[in-house]
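Student: I am new to this structure and would like a close look at one part of it. Could you pick a single spot and lead me outward from there?

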Amino acid sequence: DLHSFPTRRSSDLTNGKALKISWKKVKGAKKYNVECSNSSSFEKSSIVKVNGKKKGAKVKKLAKARKYFVRVRIEKKIGGLTYFGCWSKVKSVKVRK
């Protein structure tokens, strides 16, 4: 179902330059898109595509002592066309120094 979106279970700092994100799996999802930005409006963001069998991802190469915003959505192919689910709620995390 494209209208059901992953609920983020946690966002943990693995070290000063990476962020570990996990979510509940959505049935039928082929991929997840994890978007990370230092702007709440997600301007100049980066998207990490994750296999649908996984329930988590790491966002690397982050700047220390900055606040980042993260959200997740599903990606599914139907009949050769790619469809995207709704974005999850945004979670903000500050990377430690």
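**From one serine to the whole chain**

Tutor: Let us begin with Ser92, which is partly exposed because its relative accessible area is 35%; buried means under 20%, exposed over 50%, and partly exposed in between, using a 1.4 Å probe and protein chains only. What you see is a predicted model, in which local features need a pLDDT of at least 70 and side-chain atom pairs count only at pLDDT 80 or more, while totals for chains, interfaces and linings use all residues. Residues are numbered from 1 along each chain as its sequence is written, and side-chain values use heavy atoms, leaving out hydrogens and water.

Ser92 belongs to strand β8, which covers residues 91-94. Strands here are DSSP runs of E with at least two residues, helices are runs of H or I with at least four, and both are numbered from the N terminus. Leaving aside neighbours within four places in sequence, Ser92 is in contact with Lys67, Tyr68 and Phe69, where contact means heavy atoms within 4.5 Å. Asn38 is 54 residues from Ser92 in sequence, yet their C-alpha atoms are 9.0 Å apart in space.

Now follow those contacts to another serine. Ser37, in strand β3, also touches Lys67, Tyr68 and Phe69, and its list further holds Phe42, Glu43, Lys44 and Ser45, again without residues up to four places away in sequence. Ser37 counts as buried because its relative accessibility is 2%. A polar atom of its side chain lies 3.2 Å from the backbone oxygen of Glu43. That is a polar contact: a pair of N or O atoms within 3.5 Å, where within protein one must be able to donate a hydrogen and the other to accept it, and residues adjacent in sequence count only if both atoms are side-chain atoms.

Two of the residues touched by Ser37 deserve a pause. Phe42 sits in the loop between β3 and β4 and has a positive phi of about 60° although it is not a glycine. Lys44 is found in the loop between β3 and β4 as well, and its phi, near 55°, is also positive in a residue other than glycine. Phe42 is buried because its relative accessible area is 8%, whereas Lys44, at 84%, counts as exposed.

Strand β3 has another link to offer. Its residue Glu35 forms a salt bridge with Arg71, with 2.8 Å from N to O; the term stands for a side-chain nitrogen of Lys or Arg within 4 Å of a carboxyl oxygen of Asp or Glu. The pair joins distant parts of the chain, since Arg71 is in strand β6 (residues 67-78) and the partners are 36 residues apart. Both partners are buried: Arg71 because its relative accessible area is 18%, and Glu35 because its value is 6%.

The whole structure holds two salt bridges. In the other, the side chains of Glu75 and Lys49 meet at 3.6 Å, N to O. This pair, 26 residues apart, ties Glu75 in strand β6 to Lys49 in strand β4 (residues 46-51). Here the partners contrast: Glu75 is buried because its relative accessibility is 7%, but Lys49 is exposed because its value is 53%.

Finally, let us step back to the full chain. The protein chain has zero helices and eight strands. Of its 97 residues, 37% count as buried. Among contacts with a separation of 6 or more, 60% come from residues 24 or more positions apart.

How confident is the predictor in the chain? The chain averages a pLDDT of 79, and 82% of the residues score at least 70; pLDDT is the predictor's confidence in each residue, from 0 to 100. Among the elements, strand β3 (residues 31-37), home of Ser37, has the highest mean pLDDT, 89, and strand β1 (residues 8-15) the lowest, 54.
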